[in-house]
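Here are my notes on the model, as numbered points. Please read them with the structure open.

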Amino acid sequence: MSGRNDIDALIDLMARLPGLGPRSARRAVLHLIRKRALLLTPLSDLMQTVAATARECLNCGNVGTGDICEICSNDARANGLLCVVEDVADLWAMERSGTFKGRYHVLGGTLSALDSIGPDELRIPKLIDRVTSEEITEVILALNATVDGQTTAHYIADQLEGRVALSSLAQGVPIGGELDYLDDGTISAALTARKRL
Amino acid sequence: MQNGVNSAAMEWRDTGILLSVKRHGETSAILDVFTKDHGRHAGVLRGASSRKIAAALQPGSDLDVSWRARLEDHIGSYTIEPVKTRAGMAMANRLTLAGLNSVMAILAFALPERESQLRLYNDTVLLLDLLDHADVWPLAYLKWELALLEELGFGLDLSECAATGRNDELIYVSPKSGRAVSRHGAGEWADRMLPLPPVLAGKGHAPDDEILLALKTTGHFLENKLAPALGSKPLPSARAAFIDRYHRHCGTLPQSDAKPE
């Protein structure tokens, strides 16, 4: 009976994961049990390893298995470019694109008047230190196109203005986007940032 | 059926300004909306993580909202139809973005829930519609703060001197009563008075330095009259951040190193 309780507890835990509910958690657990050697055991071993080793990079805030992440310890990426993102998920999204070859700085959130999140709750002081200590030539503010994201970008720009070149991601029509389905703010931003062909 | 309300089913439809969005579970959110007929009203929106409505779920957007609940005191659920997004307009300019943050934070701070504030709602819509006119926005914002104070019971009376009853040389506002005071009427208390620049009384051509002075006066009443009446909560720091931004915009030194929250 206790075995069944463990399985129920596992289902309950799995159901807390993003994208899973009780039904899908039950299916996932059943699948893992059926594929014990192929999935369950290696997954369990890896989870224990990651639980013991995963930590935030002391330099940029990325998640890795050492004190300094792979990106920060790679000298080839010390090209003077620093991309500021809100969250580790944003860093991973940028890495998926394979376009950016510099280093990152994860803020850990955005300034928010309503949630009482100020600059000291984020990794902004560390960002300012890094701009000097790592000889950064350009800071790219890759923050979300939301009110909080842009408020944060403007605040950082104020702190770094005159010390380093600053840029932000363009805003406009996404690839595959149809004008008819875009909101007026996006169309307006796209029109303002139009480029000559 | 009154004001779009179906009392039996606890259901109504209205238009409103989105003040804030708080995530609720994986795909839902709690919307705080300043509605035209029902005042500031919260409700749960399912499917709020959809990218299709992401732009509409930014503060300052106009929404057509339908609210439904089983009982009146339940938080209830919203269905929404975007009417107008304004975040894009505000984000193009640092000053108006800081202003939008201030307006949303002050409304969320000061408005009672579920009480209609029609005049203030209309004033807020007018203000937000000027977000793409950064040159006139600070003046519009000042007028809006005056209207907010008036609507919430702390309006300024700038028609005549509180001490002498005269209406010439009105250059101060009493920090206690919110009434105008003339140069003569202030006498030895002049250094304790708040400034009353012409722009505050709706006169002159509203230069930036006058608007900043006037915001100092309205700020005093927000902080020392309105906030204590709401349980001594501190005034949202977004307002100080906006004033700081306005000082930078004007090239004047801010009075404090306000940090946004």
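How many Å separate the centres of domain 1 and domain 2 of chain A, taken over C-alpha atoms? The figure is 35 Å. Keep in mind throughout that this is a predicted model.

1. Domains of chain A. The domain assignment gives domain 1 (2-53) and domain 2 (63-196). The 35 Å above is the separation of their centres, taken over C-alpha atoms.

2. Domains of chain B. This chain is divided into domain 1 (4-85) and domain 2 (90-158 + 196-250). Domain 2 is thus written in two segments. Over C-alpha atoms, 25 Å separate the two centres. The contact involves 23 residues of domain 1 and 18 residues of domain 2.

3. The largest nonpolar core. It has 60 residues. Those with the most contacts inside it are Val103(B), Leu107(B), Tyr141(B), Trp144(B) and Leu200(B). Helix 2 of chain B gives the most to this core, with 10 residues. Where does the core lie relative to domain 1 and domain 2 of chain B? Both domains give residues to it, so it lies between them.

4. Leu107(B). Take this residue as a way into the core. Leaving aside residues up to four places away in sequence, Leu107(B) touches Leu19(B), Phe34(B) and Arg40(B). It also touches Leu120(B), Thr124(B), Trp144(B) and Leu148(B). Of these, Trp144(B) is among the residues with the most contacts inside the core. Leu120(B) and Thr124(B) are buried residues of helix 3 of chain B, which is the next point.

5. Helix 3 of chain B. This helix covers residues 118-128. Its buried residues are Leu120(B), Tyr121(B), Thr124(B), Val125(B), Leu127(B) and Leu128(B). Seen down the helix axis, they fall within an arc of 160 degrees, so they line one face. An α-helix has 3.6 residues a turn, so residues three or four places apart point the same way. On the other side of helix 3, Arg119(B) and Leu126(B) are exposed. What do the buried residues of helix 3 pack against? Their partners in chain B are strand 2 (11-24), strand 3 (28-35), helix 1 (87-91), helix 2 (94-110) and helix 4 (137-151).

6. Strand 5 of chain B. Five of the seven residues in this strand (62-68) are buried, so read it as mostly covered. Strand 5 runs antiparallel to strand 2 of chain B, and seven bridges join them. Here Ile17(B) has Asp62(B) as its bridge partner. Strand 5 also pairs with strand 6 (77-84) of chain B, again in the antiparallel sense, over seven bridges. In that pairing, Leu63(B) is matched with Pro82(B).

7. A three-stranded sheet in chain B. The sheet is open, its order is 8-7-9, and the pairing is antiparallel. Strand 8 (180-182) and strand 9 (194-195) stand at the edges. Each has a single partner strand, so one side of each is left without a neighbour in the sheet. Strand 7 (170-173) is joined to strand 9 by two bridges. Within strand 9, Leu194(B) is the bridge partner of Val173(B).

8. Positive phi outside glycine. Two residues deserve a look. Glu135(A) has phi near 50 degrees. It is found in the loop between helix 5 (124-133) and strand 5 (138-141) of chain A. Ala206(B) has a positive phi of about 55 degrees. Its loop lies between strand 9 and helix 6 (208-229) of chain B. Which of the two is buried and which is exposed? Glu135(A) counts as exposed, at 67% relative accessibility. Ala206(B) counts as buried, at 19%, and the cut-off for buried is under 20%.

9. Cysteines. The structure holds zero disulfides over all chains. For Cys69(A), the nearest cysteine sulfur is that of Cys60(A), 3.6 Å away. A disulfide needs the sulfur atoms within 2.5 Å, so this pair does not count. Cys69(A) is buried, with a relative accessible area of 3%. Cys161(B) is buried too, at 1%.

10. A second core. Separate from the core of point 3 is another, of 19 residues. Leu127(A), Ile136(A), Ala153(A) and Ala157(A) are among them.

Terms used: Residues numbered from 1 in each chain as written. Chains lettered and ligands numbered in written order. Predicted model: local features only at pLDDT ≥ 70, side-chain atom pairs only at ≥ 80, totals over all residues. Heavy atoms only, no water. Pairing = 2+ DSSP bridges. Helix = DSSP H or I, 4+ residues; strand = E, 2+ residues; numbered from the N terminus. Buried < 20%, exposed > 50% of the residue type's maximum accessible area, 1.4 Å probe, protein only. Arc of directions from axis to C-beta. Contact = heavy atoms within 4.5 Å. Core = buried A, V, L, I, M, F, W, Y, C linked by side-chain atoms within 4.5 Å. Domains from an automatic or database assignment.
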